[in-house]
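Let us go through this model by question and answer.

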Protein chains: 2
Amino acid sequence: MRVAAYKKDSDVTYTLGATVTMEFLNMRPDLVEDVIVHPDFRSEDTLNKIKEICSANKIPLETAEKPFNILSKKGNCYVIAVIKKVKETIDDGNHVVLVNPSDAGNMGTIIRTCAGFGITNIAVVPPAVDMYDPKTIRASMGAKARVKMEIFDSFEDYEKRFPDNKPYPFMLDGSTLLQKTTIEKPFALVFGNEASGLPHEFSLKGQPVRIEHTTNIDSLNLPTAAGIAIYEATKDIFGV
Amino acid sequence: MRVAAYKKDSDVTYTLGATVTMEFLNMRPDLVEDVIVHPDFRSEDTLNKIKEICSANKIPLETAEKPFNILSKKGNCYVIAVIKKVKETIDDGNHVVLVNPSDAGNMGTIIRTCAGFGITNIAVVPPAVDMYDPKTIRASMGAKARVKMEIFDSFEDYEKRFPDNKPYPFMLDGSTLLQKTTIEKPFALVFGNEASGLPHEFSLKGQPVRIEHTTNIDSLNLPTAAGIAIYEATKDIFGV
């Protein structure tokens, strides 16, 4: 298997690391084209599981060192899978909507939080960081295999497809406090760009919400804000 | 001003970027030894503010390119300050306690969240990532200038100094759900290592709490979990 440095327009992406790879092997073996194990990989248990799933799904499995030099500069990576990129369509249900997210690590962390709180559909409004970037997938800890993501040309396009999802745009000047807002389901929790937040016109969409904090910071870190919002919006599900 | 690549045992650290530097100039000018501006820096307003504060506090200010090549490989950094490292002592009040934190970015994000929700004292139990690492300071967006941090040899040492702070260790098998726990003040929200969490014996400290999530993830990202806990513990302060 020849691998090449990841590019946004390539038709495959890569899982870097055993945990992330196992998530795809377990959840989406149909997307796994190839698994490459480093000659120094020493976890027998994990290796046996990988062999079993690859064999059951006719996925080529090989041992090689070179792909790790090309794809993983950090070094603490001993398993890589080549993952087919497919266009996904999100389903009905509770949603998170990311408008202009710009950081792969942040996007991955939000995917992980969504999976943790049972949100399996994320809408993305571009310009946006690449949801298939290996950094995104790695930061998700492989949760990307469990969460569908779809790009919409605009928030209006999203609203047309999902008119029943009540939008809650999170804004620094949102008119209601998160802890005093009843979040109705199905919801769409909407978050803006890391540096600039949501454009002002989102204050006219649904119920704008703010997470109150001191003036000692300009804003919360995006995945932290999203985590707080997702926790609050789903606590009745997990609080029983 | 000669600068050198940051090391844990050096007696200065660095702020990388204008926002982070401004936080230290505004909050802790006493710690700023030197400010270096890149010749390509073009933000007149910020530069004037920097000049004003440096002049008022007799802080040397210079224009140079070389320190940026040594300290900032990412490139999008145009202001650096040299910051004196001082040993801090935390005060009474609500605390976050980080036991064995291992990632500088995560520690910085938690510092930012603490500053956001009015927690200005963090206890750290080693082994721990360096709180003065420029990566920590950058991830805090400069909030490190507003939050005191103190290293304790052990959690028991922390408890001896702050017997009135009720510990709430956050554990995957914590016996009460966060949303059903009354968090009494002054509190100590205690978080473990990114990969391994808190050692089992913490289940005997105060009231162990869990943030319930699906089995689709092994755990939440540490700064996300800390953000949710800090939000919940302080929402009565910010919800009025």
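The turns below cover the contact between the chains and then one residue.

This is a predicted model, where local features need pLDDT of at least 70, side-chain atom pairs count only at pLDDT 80 or more, and totals for chains, interfaces and linings use all residues. Residues are numbered from 1 along each chain as its sequence is written, chains are lettered from A and ligands numbered from 1 in the order in which they are written, and side-chain values use heavy atoms, with hydrogens and water left out.

Me: How many residues of chain B are in contact with chain A?
Reply: Contact means heavy atoms within 4.5 Å. On the chain A side, 33 residues take part. On the chain B side, the number is 33.

Me: What area is buried between chain B and chain A?
Reply: Buried area is the accessible area (1.4 Å probe) that two parts lose on being put together, summed over both. Carbon and sulfur atoms give 56% of it. The total is about 2900 Å².

Me: Which three residues supply 21% of the area that chain B buries against chain A?
Reply: No other three residues supply more of that area. They are Arg112(B), Asn216(B) and Tyr231(B).

Me: Which residue of chain A forms a salt bridge with Lys235(B)?
Reply: A salt bridge is a side-chain nitrogen of Lys or Arg within 4 Å of a carboxyl oxygen of Asp or Glu. Between chain B and chain A the count is 2. For Lys235(B), the closest N and O atoms are 3.1 Å apart. The partner is Glu232(A).

Me: Which helix gives the largest share of the side of chain B that touches chain A?
Reply: Helices are DSSP runs (H or I, at least four residues), numbered from the N terminus. Both α4 (104-116) and α7 (222-238) of chain B supply at least two residues of that side. The largest share is 8 residues, and it comes from α7(B).

Me: How are the two copies related?
Reply: Copies are superposed by least squares on the C-alpha atoms of residues with pLDDT of at least 70 in both. A turn of 180 degrees and a shift of 0.0 Å along the axis lay chain B on chain A with an RMSD of 0.0 Å. The relation is thus as by a two-fold rotation axis.

Me: Is Ala229(A) buried or exposed?
Reply: Ala229(A) sits in helix α7 of chain A. It touches Phe170(A), Leu178(A), Leu189(A) and Phe191(A), leaving out residues up to four places away in sequence. Buried means under 20% relative accessible area, exposed over 50%, partly exposed in between (1.4 Å probe, protein chains only). Ala229(A) has 0%, so Ala229(A) is buried.
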